[in-house]
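Me: I am new to this structure and would appreciate a close look at a single part of it. Please take the sheet with parallel pairing and explain how its strands are arranged and what surrounds them.

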Amino acid sequence: GLCTECSCSSGKDKDPSHTKKKENGDRLCVPKIFFGTRTHKQITQISRELKRTAYSCVPMTILSSRDYTCIHPVVSNSSSRNEMCVELLEGKHGKSCSYYHGVHKLCEHHALQPAPRMYQAWDIEDLVSLGRKLRACPYFAARELMVGADIVFCPYNYLLDPQIRDSMDIELKDQVVILDEAHNIEDCARESVSYGVTESQLRAAREELDLMVNSNIRQKHHEPLRAVCCSLI
């Protein structure tokens, strides 16, 4: 595995050969490769191509959404997977996620631990299938595997959107970033900072802002917002 920002600060290295020494004694980490694609389907295609090369045994991971990697029988069938997952992990209703507590079983499984002649590059379907067998969460396992990965596959927006980068603990400083079919980046960047609302949502917002203004609640702030809603409607 590679030395990362996290492992450098804690002094734990999985493989000292990946760490170079500077003259002043500080350690310099070998960069990870972040490989961004337009869709999840393309990640599957690229991981299959990696499997055919001499680099099939390189430590890797694939970052994807809960839509593709959640295996909890209730959460995975919900339209609000992210919210339900967070509620389970926080134990808001006195229940937790047994799949989350089994993440270490998946991360430490021999199929995901690089070893000569045994390990091969995998795709999301492989991870989810193994997660179901072990009753362990593929979503959080993929994030854990990022610590020791030499190459990280993910959709564009995981690299371009600062909120997603932060939530996934992606640090791009001093790393290598490869963007497949980079002519799509402009549209992806535009989408990451865009938000869609319906006319009914605007009207509902205007009604709430009317109530705030008429009730003398922070009028100075709410009146300009009401004007924006009215102009858009």
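Reply: The following account begins with the chain as a whole and then turns to the sheet, strand by strand.

The model is a predicted one. Its chain has an average pLDDT of 85, and 86% of the residues score at least 70. Confidence varies from element to element: helix H7 (residues 138–145) has the highest mean pLDDT, 96, while helix H1 (residues 5–10) has the lowest, 39. Residues 1–17 have a pLDDT below 50, and beyond near neighbours in sequence this stretch has 32 contacts in the model. A further stretch, residues 19–24, also stays under 50 and has 10 contacts beyond four places in sequence. Where pLDDT is low, the predicted coordinates should not be read in detail.

The secondary structure of the chain consists of 12 helices and six strands. Of the 233 residues in the chain, 36% are buried. Among contacts with a separation of 6 or more, 69% are between residues 24 or more positions apart.

The part requested is an open sheet of four strands, in the order S4-S5-S3-S6, with parallel pairing. Strand S4 (60–62) and strand S6 (176–179) stand at the edges; each has a single partner strand, so one side of each is left without a neighbour in the sheet. On average, neighbouring strands of this sheet are turned by 20° against each other, direction ignored.

Strand S3 (residues 33–37) has a partner on either side in the order of the sheet. Towards strand S5 (residues 151–155), the parallel pairing is made by five bridges. Towards S6, S3 pairs in the parallel sense over four bridges. Individual residues show how S3 is placed between the two. Ile33 has Ile151 as its bridge partner in S5 and Val176 as its bridge partner in S6. Phe34 stands opposite Val152 in S5 and opposite Val177 in S6. Four of the five residues of S3 are buried, so this strand is largely enclosed by the rest of the structure.

Strand S5 is joined on its other side to S4, with parallel pairing over three bridges. In this pairing, Ile62 stands opposite Phe153 in S5. Five of the five residues of S5 are buried, so S5 too is largely enclosed by the rest of the structure. Both of its faces are covered: Ile151, Phe153 and Pro155 are buried on one side, and Val152 and Cys154 are buried on the other.

Within S5, Phe153 deserves separate attention. Its relative accessible area is 1%, under the 20% limit, and Phe153 is therefore buried. Leaving aside its neighbours within four places in sequence, Phe153 is in contact with Phe35, Ile43, Ile46, Leu50, Met60, Thr61, Ile62 and Leu63. Phe153 and Ser64 are 89 residues apart in sequence, yet their C-alpha atoms are 8.7 Å apart in space.

Phe153 also belongs to the largest nonpolar core, which has 43 residues; Met60, Leu63, Trp122, Phe153 and Ile170 touch the most other members. Helix H7 gives the most to this core, with five residues. Another of these core residues, Ile170, is in contact with Phe34, Leu63, Met146, Tyr158, Leu159 and Arg165, its neighbours within four places in sequence being left aside. Leu63 is thus in contact with Phe153 and with Ile170.

A last point concerns the cysteines of the chain. A disulfide is a covalent bond between the sulfur atoms of two cysteines. With a limit of 2.5 Å between the sulfur atoms, the count comes to zero disulfides. For Cys229, the closest cysteine sulfur is that of Cys230, at 6.9 Å, which is too far for a bond. Cys229 has a relative accessibility of 9% and so counts as buried. Cys57, at 39% relative accessibility, counts as partly exposed.

To return to the sheet: S5 and S3 stand between the edge strands S4 and S6, and Phe153 of S5 is one of the residues that touch the most other members of the largest nonpolar core.

How values were computed. Residues numbered from 1 in each chain as written. Predicted model: local features only at pLDDT ≥ 70, side-chain atom pairs only at ≥ 80, totals over all residues. Heavy atoms only, no water. pLDDT = per-residue confidence, 0-100. Contact = heavy atoms within 4.5 Å. Core = buried A, V, L, I, M, F, W, Y, C linked by side-chain atoms within 4.5 Å. Buried < 20%, exposed > 50% of the residue type's maximum accessible area, 1.4 Å probe, protein only. Pairing = 2+ DSSP bridges. Axes fitted to C-alpha atoms, helices over the stretch in contact; angles between N-to-C directions.
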